[in-house]
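Here are a few short exercises to work through with the structure open beside you. Try each task before reading its solution.

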Amino acid sequence: MRKAKDGLDYFSLDTNFYYNSKVRALKSRYGNDGISLLLYIYCECYRDKGYYMNLSEDDRYVAADFLGIDFHKFEEMLEFLESRNMIKTARKEDGTEIVTAASVQRGYAKTVNQLRWKKPVIESDVWILQEKDAPNNSSFDKLSIFDDK
């Protein structure tokens, strides 16, 4: 029997996405490259793990190449996104580098709640939201992932 998929096939994107002041600042500074990177991060987070993506040095080079962005510009844009709290980069307990975003985790929690998934696997060293940020009646409440936050 194959393992249930962790990621999502689609995600919701606000129609006001381009009017968000942080997105506008990103676009003003980096043009379409900045928007492409942010959307790439969203897609990869939702597609693979559901709420985060691995971001090793190799992953960074692959992403920069995929997007057609110079690696140094890619790194600069990652720093910009993190400085504006649009993403969060971190290192898991096992040393794996990851990237996530509060907006991605809220979207994942909302979707899992709507789909009524049974006990999704949540890695507490990656989950950045507080209990109050989880949707009402979310299945996450049963996992005790908020105890040490």
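**Exercise 1. Find which residue of β3 stands opposite Ala90, then work out how β2 and β3 pair.**

Step 1. Start at Ala90: the residue opposite it in β3 is Ile98. Keep in mind as you look that this is a predicted model.

Step 2. Now look at two further pairs. Thr89 faces Val99 of β3, and Lys88 faces Thr100 of β3.

Step 3. Read the direction of the pairing. β2 and β3 (residues 97-100) are antiparallel, and four bridges link them.

Step 4. Finish with the turn. The hairpin of β2 and β3 has five residues between the strands, and Gly95 there adopts a positive phi near 95°.

**Exercise 2. Put the strands of the sheet in order and name the edge strands.**

Step 1. Look for the partner of Met53: in β3, this bridge partner is Val99. β1 and β3 are joined by two bridges and run antiparallel.

Step 2. Combine this with the pairing of β2 and β3, which is antiparallel as well. The result is an open sheet of three strands in the order β1-β3-β2.

Step 3. Pick out the edges. β1 (53-54) and β2 (88-91) each pair on one side only, which makes them the edge strands.

**Exercise 3. Describe how α1 packs with α2: are the helices oblique or roughly perpendicular?**

Step 1. Take the geometry. α1 (residues 21-49) and α2 (residues 57-67) pack at about 125°, and their axes lie 11 Å apart.

Step 2. Classify the angle. Roughly perpendicular covers 65 to 115 degrees and roughly antiparallel begins over 145, so α1 and α2 are oblique to each other. Their crossing is right-handed.

Step 3. List the residues that touch. From α1 come Ser36, Leu37 and Tyr40; from α2 come Ala63, Phe66 and Leu67. Sorted by class, this contact of α1 with α2 has five nonpolar residues, one polar and no charged ones.

**Exercise 4. Repeat the analysis for α1 and α4: what is the angle, and which residues meet?**

Step 1. The axes of α1 and α4 (residues 102-115) come within 10 Å and cross at roughly 40°.

Step 2. Roughly parallel would need an angle under 35 degrees, so α1 and α4 are again oblique to each other. α1 passes α4 in a right-handed crossing.

Step 3. On the α1 side the residues are Tyr42, Cys45, Tyr46 and Lys49, and they meet Ser103, Val104, Gly107 and Tyr108 of α4. The contact of α1 with α4 divides into five nonpolar, two polar and one charged residue.

**Exercise 5. Decide where the coordinates call for caution: over which residues is the pLDDT below 50?**

Step 1. Begin with the whole chain. The average pLDDT is 84, and 82% of the residues score at least 70.

Step 2. Then find the weak stretch. Residues 135-149 have a pLDDT below 50, although this stretch has 34 contacts in the model beyond near neighbours in sequence.

Step 3. Apply the rule: where pLDDT is low, predicted coordinates should not be read in detail.

Terms used
Residues numbered from 1 in each chain as written. Predicted model: local features only at pLDDT ≥ 70, side-chain atom pairs only at ≥ 80, totals over all residues. Heavy atoms only, no water. Axes fitted to C-alpha atoms, helices over the stretch in contact; angles between N-to-C directions. Left-handed = near helix turned anticlockwise from the far one by under 90°. Contact = heavy atoms within 4.5 Å. Nonpolar A, V, L, I, M, F, W, Y, C, P; charged D, E, K, R; others polar. Pairing = 2+ DSSP bridges. pLDDT = per-residue confidence, 0-100.
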